[in-house]
Amino acid sequence: MVTNVYENHRNFSNTCIILNVTTTNGIWPSKNPLFEPIPLLIVQLAFIITITRSLYFILRPLRQPRLVTDILGGLLLGPSFFGRKAYFSKLFPVRSVTTLETVAYMALDLYIFLIGLEMDVNSIKSSSKRELNIAAAGALIPMGVGAGLFFLTARLLHLPTDPSGCLFWGLTLTVTGFPAVTRILGELKLLQTDIGRLATSIAMISDVCSWILVAVVLPIRSSPKNAPAAIISTIAFSLTCIYAVRPGLEWLIRRTSKGNNNAYSDSYLCFFLIGVVICSFVTEVTGTYSIVGAFVFGIIMPDRDLGALLFERFADFVSGIMLPLFFAMCGIRTNVHKVHNWFLAGFVIILTCFCKILGTLLVSHSYHMPLQDRLALGVLMNTKGILAVVVLNLGWDKKVLRDQEYAVMVIAIVIMTGGVAPIISTMYRSSTRIIKYKGRSIQRAKQGAELRILACVHGVGNVLGTINLLELSNATKESPLCIFALHLVELRGSASAVLIVHTSSKNSAYKRVGSSPSDRIVNIFEAFENRSTGISVHPLTAMSPFITMHEDVCNLAEDKHIAFMILPFHNQAGNSNGDTTGSSPFREVNKNILANAPCSVGIFVDKGQGKSDNGRMQHVVMVFIGGPDDREALALAWRMSANPSVQLTVLRLHSRYNNNVKEEDIRYSKCIDGRQSQVDAEFVNEFRLQTAGEHNVNYYEKVVNNREETTGALREMELQKVGLYIVGREVTASAATADLLGWSECPEIGAIGDLLVYSDFIRASVLVVQHYPGDDGNVGAVSMRRSNHGLLFVDD
């Protein structure tokens, strides 16, 4: 009779096992190679990965996190399902338990280290009182309910229990998995919304508090006599890591790297893995658990780029290949057939699922939050992370939790976490999340309202040019600008996107030292705000993968009711000597934003010519051919003309429509029709009427019939020392632009924009404007008139 893990796992320590970890001679000696530990481990690992991956893809339409599918895979492998078959159980004999658990817990330590890398515990310092109170209620109420349910279940079932088991049930219900919450919100496109940011902040606070409880409470249960020494040792270890190890890592990084990912060698990265092992060993021998040391070492990592690189290198291997072993062990320990009273088990599971929701609802009600947001927040806080599973396994290892109690809590974790994504997806369907606001373009900005601009930057090099452009936009007390300065940072690996809201140094207790690029960008924008009138700046940092970065930018623009978005050109050299094709991944980001933007967009090509010196007027030229994009560009130039330091010239290029131009050659142009021509004429005539007599506004018209004449007109304009060109992205089809389309290096900036950016004789910066497509170019109902303080845009 074969003795296997499923039948005798609890008592396997009483079995004498001889482990011979050697290579086999293969199948030729007629000996089963699976009798050796290494071949058996390889087969087990392959089988586990196949099942968990298959479940992940099957349940992907339900947006189930990996935690749920991995636990379900373990349940399938365990005695609850396939493990009951004799031939199947031979894959997991008792002699393989030691190897399986050793590899599983090593993978667990590495995964906990990666979780620590994802967390920015410094953001907890800026948490509001509301977030702290909701997180506290979401921890204390489930803790009490879990302890009470443990004793209630024991009494109703007449089971002899260890009273300390209530700690493990309470801690399990207290945990909120921060990584799982952020991934669910990211997949549902809710991460940048108000409820998403609130849930992320509360989840991080709750997760950190859960780790503190694990480090304090569990040593008391394990050894009450030695608990004070274990807790003091853990506190001393944490303080040493923060005040000694972290500065040492900062010094090491400065001395051995050049500030880019390519400077980190494989041996350099392995050094940090050795640090994980050492920290895990220290906390294990001092009476806490190894996962505490791994977590602390992860959260003290001083360099974000290095942390992102570590995550990218090891996340897939650890979480995708090694960690399923841990969940397989959990499944092997779970036997649903040991649950004899399913009515009582169902009652307990229902109470465990609702205790955190009710606790969050009660506290959030005092902050007058909408009912939908309160319910959503409670459901999100019910998301369990791997720490909840670890706590249950510790209780099982200590023989505090019986098989029935362990199985009920594992099922509760699967139901609580698995139901989060479908419920939130139903509550916040994309059709109901669309924010209705009219001011999605400069033309439709309301009278007396601030113009809200989202200024994106890729790095410090984009900041000064963007600020120079904003200074030309005529911000006054009567017509202010509200600027959201967004630093776009690539997030490597499989981590979830993060939006960091920077607190103004004027309102914080510390001064920003400016060591990171984001800090330097924030400092520059704050200095710009302090010296300007009618401008408020809100600095943010968005960390997300390039493939989804456009979604985060567009969601933020929608959430903040942005009217105009500024994007840096992917190739800031912007000349014929540079890389004309532009291999930067930001080019694809810009293309995706242009296709999905909820407002008007401007791609800014900074050539360093967009700032006036010593009070000299800055010459801005707007090239108008026709179409909705040109009208939006003219509206922006019109606003700039109210700035006393701006000299505006509007150059309107006419051409007789060329019937020989083929439609397929005008790929980036709109079809010409009578209505668009009439709207163009009305808009331009109103501009000329309102600016008549203005000494700093000039208007010219010129007839051009081919590419050479268009280039000649722009060359003549360049003789007037132009500092900035403003053009529309897509213009009305005409002979003046048809010849340009075939020569475009970057079609995303349009025919005229491409000519201005890549012509040798153009030295000025270029702003290419695309209007919000939702307006459909119907601006006939919008009138524009000048006031004493600039332009007022009135919706008739």
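Which residues does isoleucine 424 touch, not counting residues up to four places away in sequence? They are Leu188, Leu190, Ala376, Val379 and Leu380. The model is predicted, and its pLDDT averages 79 over the protein. It contains 29 helices and 13 strands. Of the 796 residues, 57% count as buried.

**Nonpolar cores**

- The largest nonpolar core holds 134 residues. Within it, Phe326, Ile386 and Ile424 touch the most other members.
- Helix 9, residues 194–222, is the top contributor to this core, giving 13 residues.
- A second core is separate and has 53 residues. Among them are Leu488, Leu556, Val623 and Val731.

**The sheet**

- Eleven strands form an open sheet with mixed pairing. Their order is 3-4-2-1-5-6-11-10-7-8-9.
- Strand 3 (498–501) and strand 9 (697–703) stand at the edges. Each has a single partner strand, so one side of each lacks a neighbour in the sheet.
- From one strand to the next, the twist averages 20 degrees.
- Strand 3 pairs with strand 4 (residues 535–544) in the antiparallel sense. Four bridges join the two.
- Leucine 499 has alanine 542, in strand 4, as its bridge partner.
- Helix 27 (residues 707–718) packs on the sheet. This helix touches strand 7 (618–624), strand 8 (646–654), strand 9 and strand 10 (724–728).
- The direction of helix 27 makes about 165 degrees with that of strand 8.

**Helix 18**

- Helix 18 covers residues 403–418, which is 16 residues. At 1.5 Å a residue, the helix should span 22 Å.
- The end C-alpha atoms of helix 18 are 22 Å apart, which agrees with the expected span.
- Helix 18 is mostly covered, with 15 of its 16 residues buried.

**Contacts across the sequence**

- Take the contacts between residues at least 6 apart in sequence. Of these, 82% join residues at least 24 apart.

**Confidence**

- A pLDDT of at least 70 is reached by 80% of the residues.
- Over residues 658–672, pLDDT stays under 50. The model has 25 contacts beyond four places in sequence for this stretch.
- Residues 777–796 also have pLDDT under 50 throughout. For them the model has 65 contacts beyond four places in sequence.

Notes: Residues numbered from 1 in each chain as written. Predicted model: local features only at pLDDT ≥ 70, side-chain atom pairs only at ≥ 80, totals over all residues. Heavy atoms only, no water. Pairing = 2+ DSSP bridges. Axes fitted to C-alpha atoms, helices over the stretch in contact; angles between N-to-C directions. Contact = heavy atoms within 4.5 Å. Expected span 1.5 Å × (residues − 1). Buried < 20%, exposed > 50% of the residue type's maximum accessible area, 1.4 Å probe, protein only. Core = buried A, V, L, I, M, F, W, Y, C linked by side-chain atoms within 4.5 Å. pLDDT = per-residue confidence, 0-100.
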